[in-house]
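Welcome! Take a moment to look over the sequence and the model, and then we will walk through some of the details together.

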Amino acid sequence: MISFPPFAFEIPPWLPPDLALPAVVGGGCAVAVLVALVVIRAMRRRPVPFVPAPAEPEKAADPDFDPFVAGSASEKRNTRRRKGNPVKVLIRGPGIEEEHLVGCVFDRSSGGIALSVPVEFPNGTRLQVRSESGVDGLWVTLEVRSARRDHGEWQLGCRFVETPAWSTLLQFG
């Protein structure tokens, strides 16, 4: 065995011992020349002109994203809103004081709620709502700010006339 610090090489049986050093040095030089040729070739390539990538279509929102927690760049409201499980509510309003109309809260914030109801209510209408499963039976007064038809139901954007207590807000999800 011939030792070249810091490495130790075993000489193959077909290589004479007096050619071991030139073989190792020659192999190292050959590798160095190949690396230099690859680098020179890579540097001599013409630069590829910059072509901007085509615009990607807008992706659907991440289902785990909650604007109530993270906010939204397009949000124009004073308070953050959040989605959640739909909550059934009882609704009283003009013309339905004695019977309760059943609706569903599908969006909520500390400033108001969005309702899905089977009847149209014009902007400015005052409604009273409470959770269908509400134990305390507290009615909360809302003002309709927007109404639009969607899949046979009316989607109402409502704000609280007076912000209810946190415990009352929890009944809406």
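Let us begin with histidine 151, which is exposed, with a relative accessible area of 78%. This model is predicted, so the values below are computed from its atoms. Exposed here means over 50% relative accessible area, and histidine 151 counts as exposed because its 78% lies over that cut-off. Histidine 151 sits in the loop between β7 and β8. Its backbone is worth a look too: histidine 151 has a positive phi of about 55 degrees, although it is not a glycine. Most residues other than glycine have a negative phi.

**The overall plan**

Now step back to the whole protein. How many helices and strands does the protein have? There are 3 helices and 8 strands. Following the sequence, you meet them in the pattern β-β-α-α-β-β-β-β-β-β-α. Of the 173 residues, 25% are buried. The accessible surface amounts to about 12,900 Å², and carbon and sulfur atoms account for 59% of that. If you take the contacts between residues at least 6 apart in sequence, 44% of them join residues at least 24 apart.

**A salt bridge between two strands**

Side chains of opposite charge can pair when their charged atoms come close. The structure holds 1 salt bridge. Which two side chains meet in the salt bridge? They are those of arginine 159 and glutamate 143, at 2.7 Å from N to O. Arginine 159 belongs to strand β8 (residues 153–160) and glutamate 143 to strand β7 (residues 140–150), so the pair ties together parts that are 16 residues apart in sequence. As for their surroundings, arginine 159 is partly exposed, at 32% relative accessible area, whereas glutamate 143 is buried, at 15%.

**Leucine 90 and its neighbours**

Next, find leucine 90 in strand β3 (residues 81–92). Is leucine 90 buried or exposed? With a relative accessible area of 12%, leucine 90 is buried. Not counting residues up to four places away in sequence, leucine 90 touches several residues, including His100, Leu101, Val102, Gln128 and Trp139. Look at leucine 90 and glutamine 128 in particular: they are 38 residues apart along the chain, yet their C-alpha atoms are separated by 8.2 Å.

Tryptophan 139, one of the residues that leucine 90 touches, has another partner. The charged end of arginine 92 sits over the ring of tryptophan 139, 3.9 Å from its centre. As for pairs of aromatic rings, the structure holds 0 of them.

**Two helices to visit**

Threonine 168 is found in helix α3 (residues 166–169). Threonine 168 counts as buried, with 7% relative accessibility. Leaving aside neighbours within four places in sequence, threonine 168 is in contact with Leu138 and Val140.

Helix α1 (residues 20–44) is the place of valine 31. Valine 31 joins Val35, Val39 and Met43 in a nonpolar patch on the surface, and together these residues have about 390 Å² of accessible area.

**Accessibility side by side**

Here are the residues from our tour whose relative accessible area was given.

| Residue | Relative accessible area | Class |
|---|---|---|
| Threonine 168 | 7% | buried |
| Leucine 90 | 12% | buried |
| Glutamate 143 | 15% | buried |
| Arginine 159 | 32% | partly exposed |
| Histidine 151 | 78% | exposed |

Terms used: Residues numbered from 1 in each chain as written. Predicted model: local features only at pLDDT ≥ 70, side-chain atom pairs only at ≥ 80, totals over all residues. Heavy atoms only, no water. Patch = residues over 30% accessible without salt bridge, like charges linked within 9 Å, V, L, I, M, F, W, Y side chains within 5 Å. Areas by Shrake-Rupley, 256 points an atom, 1.4 Å probe, with all protein chains shown as cover. Salt bridge = Lys/Arg side-chain N within 4 Å of Asp/Glu carboxyl O. Helix = DSSP H or I, 4+ residues; strand = E, 2+ residues; numbered from the N terminus. Buried < 20%, exposed > 50% of the residue type's maximum accessible area, 1.4 Å probe, protein only. Contact = heavy atoms within 4.5 Å. Phe/Tyr/Trp six-rings, centres within 6.5 Å; stacked < 30°, edge-to-face > 60°. Lys NZ or Arg CZ within 6 Å of the ring centre and 35° of its normal.
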